[in-house]
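Please open the model in a viewer and keep the selection tool at hand. The tour below proceeds from the whole chain to its parts.

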Amino acid sequence: MSASPLLDQLIEALRCLPGVGPRSAGRIAYHLLERDREGALQLADALREAVEKVGHCERCRNFSETPLCAICSDARRNGELLCVVENPAQLAAIDQATHFRGVYHVLMGRLSPLDGIGPEELGLDRLEERLREGEVRELILAVSPTVEGEVTAHYLSEMARALNIRVTRLAQGVPMGGELESLDSGTLTQAFELRRDY
Ligand code: ZN
């Protein structure tokens, strides 16, 4: 018999966190109830607010509380340079580390037909519409050099080439199989500056 069904419910709910199994879920639950009830309430509030209010930018798909994110609505950004990243963490890393002041498209994943992730799941239909608008001169592929990243890069380059848009790719310093967002900012800046035609 469990001492508290509510505690069981909390432990079960915590298992939705990535990498958290039953044992660590238990540890987290005990810690919150025993040592940090105030922190737990803040966490509950922050989770609820974020889940209810953070959506996706309708242009670049990054997380945003408004229909257009801060980057897409910034008129000082150069709309001729469009950088494709896999996730918001990569976008943040590039935006902070480099001098890039163009715009982005956030895939929120990589092409992986076996897992049911096709072009539509990555918003590539909308990206193609954006490219057809004619403003973009260079499509910068900032996808990780993993197998799925390569498939994604190939698909994107075909799409851009069909529209006569230059395609470049971050190259130098990115190890094979490496994730871009885990690079230090110096390496990332260099990879960006030394991007080459793909
Ligand atoms: Zn946006």
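The stops that follow cover the overall chain, its domains, a pocket and a sheet.

**The whole chain**

Begin with the entire protein chain, bearing in mind that this is a predicted model. Its C-alpha atoms fill a box of roughly 65 × 35 × 35 Å along the principal axes. Colouring by secondary structure shows seven helices and seven strands. Read from the N terminus, the elements follow the order α-α-α-β-β-β-α-β-α-β-α-β-α-β.

**The two domains**

Next, select residues 5–53, assigned as domain 1, and then residues 77–197, assigned as domain 2. Taken over C-alpha atoms, the centres of domain 1 and domain 2 are 35 Å apart.

**The largest pocket**

Now select helix H1 (5–14), helix H2 (22–35) and helix H3 (37–53), each of which supplies at least two residues to the lining of the largest pocket. Which helix gives the largest share of this lining? It is H3, with eight residues. The lining comprises 17 residues in total; to find the centre of the pocket, display Leu 10, Ala 40, Leu 43, Ala 44 and Leu 47, which lie nearest to it. The space inside amounts to about 610 Å³. Colour the lining by residue class: 13 residues are nonpolar, three are charged and one is polar.

**The open sheet**

Move on to the strands. Five of them form an open sheet with mixed pairing, in the order S4-S3-S5-S6-S7. Select strand S4 (102–106) and strand S7 (196–197): these stand at the edges, each with a single partner strand, so one side of each has no neighbour in the sheet.

Inside this order, select strand S3 (residues 78–85) together with strand S5 (residues 138–142). The two pair in the parallel sense over five bridges. For one such position, display Leu 81, whose bridge partner in S5 is Glu 138.

**Helices on the sheet**

Finally, add helix H4 (residues 88–97), which packs on the sheet and touches S3, S4 and S5. The direction of H4 makes about 160° with that of S4. Then add helix H5 (residues 124–132), which also packs on the sheet, touching S3, S4 and S5. For H5, the angle between its direction and that of S4 is about 155°.

Terms used
Residues numbered from 1 in each chain as written. Predicted model: local features only at pLDDT ≥ 70, side-chain atom pairs only at ≥ 80, totals over all residues. Heavy atoms only, no water. 1 Å grid on protein atoms, 1.4 Å probe; cavity = no way out; pocket = protein on both sides within 12 Å on 5 of 7 lines; lining within 4 Å. Points joined across faces, edges and corners; volume = space filled by probe spheres on them. Helix = DSSP H or I, 4+ residues; strand = E, 2+ residues; numbered from the N terminus. Nonpolar A, V, L, I, M, F, W, Y, C, P; charged D, E, K, R; others polar. Domains from an automatic or database assignment. Pairing = 2+ DSSP bridges. Contact = heavy atoms within 4.5 Å. Axes fitted to C-alpha atoms, helices over the stretch in contact; angles between N-to-C directions.
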